Amino acid sequence: MFCTKCGAQLQDDAKYCTACGARVAHPNAACAQADEMKRNSGF
Ligand SMILES: [Zn+2]
């Protein structure tokens, strides 16, 4: 995976970017949330 802020390559389970220190959002978690929102909104 890559840091969304600086683009540095990170380990898949990294919670923080080792290059810039930004908190890393995990794509899988975001997908799960999006699915949940779709379900709640009637899609
Ligand atoms: Zn970074």
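Me: How are helices and strands assigned here, and how many of each does the protein chain have?

Reply: Helices (H or I, at least four residues) and strands (E, at least two) are DSSP runs, numbered from the N terminus, and on that basis the protein chain has one helix and zero strands. This is a predicted model, in which local features need pLDDT of at least 70 and side-chain atom pairs count only at pLDDT 80 or more, while totals for chains, interfaces and linings use all residues. Residues are numbered from 1 along each chain as its sequence is written.

Me: Is Leu10 buried, partly exposed or exposed, and why?

Reply: A residue is buried if 20 or more other C-beta atoms, placed from the backbone, lie within 10 Å of its own, exposed if 12 or fewer, and partly exposed in between. Leu10 counts as partly exposed because it has 16 C-beta neighbours inside 10 Å, whereas Phe2 counts as exposed because it has 11. Of the 43 residues of the protein chain, 5% count as buried.

Me: Where does Leu10 lie, and which residues does Leu10 touch?

Reply: Two residues are in contact if their C-beta atoms, placed from the backbone, lie within 7 Å. Leu10 belongs to the segment before helix H1 (27–40) and, leaving aside residues up to four places away in sequence, touches Met1, Phe2, Cys3, Cys17, Thr18 and Val24. The C-alpha atoms of Leu10 and Val24 are separated by 9.2 Å, with the two residues 14 apart along the chain.
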